[in-house]
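Student: I've just opened this one and I'm a bit lost. Can we walk through it together?
Tutor: Sure, ask away and we'll take it topic by topic.
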Amino acid sequence: MAGARVTVVISQAQGRNPVKRQLEEDIATALIAEPGVDVSLVPHLYDMSQDHTGYLFLRSVPGNLIVLSWLYERATRWTLDRAGVRGQVGTTVLKSADDELDEDADDDNEKESSGSDGIGSLNVPDRRLYCIDLRVSESASVYLNEIRRIVNENSVQVVDLMSWIGGSPKQEQLERYLQPERMLEARRALDSGTANHQDKVSLPEDTGRRWYPVIDYSRCTNCMECIDFCLFGVYGVDQLDRILVEQQDNCKKGCPACSRVCPANAIIFPQHKTPAIAGAEGEVGGVKIDLSQLFGGDTGESAVELAVKERDAELILAGRHAVGMSVGVRQAHREEIDQLIEDLDALDF
Ligand code: SF4
Ligand code: SF4
């Protein structure tokens with residue numbers, strides 16, 4: 001078995017933001033010459049289909065893996081999990097700003113590591129997976145220092161390859177991911193509008209923008225509330241009767257409704273503008289613990305009421321009838337809302 005190499009994969013930002021591109025390039029260029037490290041780039045994790053060569057490559061990586069992306073750490077981990085790229089939780093010292101602000105973040109991290117509250121992931125190989133948010137700092141040296149710390153931490157590597165590699169990707173499908181210099185060069189040419197045929201061949205297939213829920217199985221209790229609530233056929237169950245996102249492209253772009261009704265705050269929409277919905281640590285619905293949610297920003301609605309309204313709007317857009325609270329909202333939620341209103345009345349503002 002080879003020594004303790006660590007693979008670093010940079011998931012590139014959507015669009016052509018030059019500041020983001022420069023940061024990705026600075027990190028990748030420095031790592032090409034770094035001992036003990038293999039580096040590659042893939043398109044944005046959330047936008048790649050499950051059979052995109054970027055995921056074929058990620059599934060083929062042996063050993064410890066560091067993934068840098070423009071998403072919260074939790075969103076990256078569970079987006080990768082959905083694509084069959086898994087590992088034991090590797091802890092990074094680089095935390096997203098919204099994660100740091102959360103007073104309960106450490107407790108939540110412990111819960112996530114142990115997976116004790118949720119049904120957990122399946123077939124997790126004996127290697128570490130580190131997920132790092134590229135929005136933590138604009139300085140490449142911050143990421144390079146953290147990668148070096150992780151490489152030192154993993155001087156002994158345990159790899160159980162065959163138990164987790166998904167499929168048998170053809171070498172030529174992976175070739176481009178093994179030549180990061182060439183890929184960077186081709187990306188520069190594409191961004192500046194000077195790409196030739198060879199540049200295009202060196203780059204991964206294009207991805208469009210997507211929108212779908214990602215389940216955090218360290219929190220998910222398999223209660224099936226989301227499958228009852230969603231009226232667009234997004235959710236399903238696997239052969240073990242575990243909830244899964246089955247028809248992801250049925251999800252309505254921009255709508256995060258089911259994340260608000262999940263009692264475990266286990267549903268992430270990585271591209272949503274609200275940090276807690278996008279995967280920052282902390283609550284999403286907050287119905288049970290956060291009275292401020294009852295006043296819900298500008299609208300003054302509870303999380304469930306807001307979710308019902310968002311779902312109704314999508315039903316109407318799809319030419320169907322609004323259903324309000326009458327479908328897929330459990331009695332417990334309705335009672336919670338009634339109780340909160342009673343509590344508020346008792347506060348006598
Ligand atoms: S509502 Fe949340 S906890 Fe319940 S099955 Fe869906 S994702 Fe899991
Ligand atoms: S956001 Fe709406 S359409 Fe998408 S999965 Fe949730 S309830 Fe279904």
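Student: Okay, what share of contacts links residues 24 or more positions apart?
Tutor: Counting contacts with a separation of 6 or more, 72% are between residues 24 or more positions apart. Keep in mind that this is a predicted model.

Student: How many helices and strands does the chain have?
Tutor: There are 15 helices and nine strands.

Student: And what percentage of the residues count as buried?
Tutor: The chain has 349 residues, and 37% of them count as buried.

Student: Since it's predicted, what is the mean pLDDT of the chain?
Tutor: The mean is 85, with 79% of the residues at 70 or more. Residues 101-115 fall below 50, though the model gives that stretch 15 contacts beyond near neighbours in sequence. Residues 160-165 are also below 50, and they have nine contacts of that kind.

Student: Why be careful with stretches like that?
Tutor: Because predicted coordinates should not be read in detail where pLDDT is low.

Student: Fair. Let's go inside: which residues touch the most other members of the largest nonpolar core?
Tutor: Val-8, Ile-66, Leu-68 and Cys-258 do, in a core of 74 residues. Helix α14, residues 303-317, gives the most to this core, with five residues.

Student: Where does that core lie relative to the domains?
Tutor: It lies between domain 1 (6-202) and domain 2 (222-263 + 285-347), because both give residues to it. As a general point, nonpolar side chains tend to be buried together in soluble globular proteins.

Student: You mentioned Ile-66. What is Ile-66 in contact with?
Tutor: Setting aside neighbours within four places in sequence, Ile-66 contacts Val-6, Val-8, Tyr-130, Ile-132, Ile-147 and Ile-150. So Val-8 turns up again, since Val-8 is also among the core residues that touch the most other members.

Student: Is Asn-64 buried or exposed?
Tutor: Asn-64 is buried, because 24 other C-beta atoms lie within 10 Å. Asn-64 sits in the loop between α2 (53-60) and β3 (65-69). Its C-alpha atom is 9.3 Å from that of Gln-88, which is 24 residues away in sequence.

Student: Back to helix α14. Is Ala-303 buried or exposed?
Tutor: Ala-303, which belongs to helix α14, is buried, because it has 25 C-beta neighbours inside 10 Å. From Ala-303 to Cys-258 the C-alpha distance is 10.0 Å, with their positions 45 residues apart in sequence.

Student: Switching topic: which residues surround ligand 2?
Tutor: Cys-258 is one of them, and the others include Cys-230, Cys-251 and Cys-255. Pro-213, Phe-229, Phe-232, Lys-252 and Arg-311 are also among the surrounding residues. By class, the shell has ten nonpolar residues, no polar ones and two charged ones.

Student: And how many residues surround ligand 1?
Tutor: There are 13, and the closest are Cys-220, Cys-223, Glu-225, Cys-226 and Cys-262. That shell splits into ten nonpolar, two polar and one charged.

Student: What about backbone oddities? Which value does phi of Asp-241 come near?
Tutor: Phi of Asp-241 is near 60°, a positive value in a residue that isn't glycine. In general, most residues other than glycine have a negative phi. Asp-241 is in the loop between β7 (235-237) and β8 (243-245). Asp-241 is exposed, because just 8 other C-beta atoms lie within 10 Å, and 12 or fewer counts as exposed.

Student: How about Asn-265: what is its phi?
Tutor: Asn-265 has a positive phi too, about 50°, and is not a glycine. Asn-265 lies in the loop between α11 (257-261) and β9 (267-268). Asn-265 counts as buried, because it has 20 C-beta neighbours inside 10 Å and the cut-off is 20 or more.

Student: Last one: why does Ala-276 count as partly exposed?
Tutor: Because 19 other C-beta atoms are within 10 Å of Ala-276, and buried would take 20 or more. Ala-276 is in helix α12, residues 275-278. Ala-276 and Ser-259 are 17 residues apart along the chain, with 9.7 Å between their C-alpha atoms.

Conventions
Residues numbered from 1 in each chain as written. Chains lettered and ligands numbered in written order. Predicted model: local features only at pLDDT ≥ 70, side-chain atom pairs only at ≥ 80, totals over all residues. Helix = DSSP H or I, 4+ residues; strand = E, 2+ residues; numbered from the N terminus. Contact = placed C-beta atoms within 7 Å. Near = placed C-beta within 6 Å. Nonpolar A, V, L, I, M, F, W, Y, C, P; charged D, E, K, R; others polar. Core = buried A, V, L, I, M, F, W, Y, C linked by C-beta atoms within 7 Å. Domains from an automatic or database assignment. pLDDT = per-residue confidence, 0-100.
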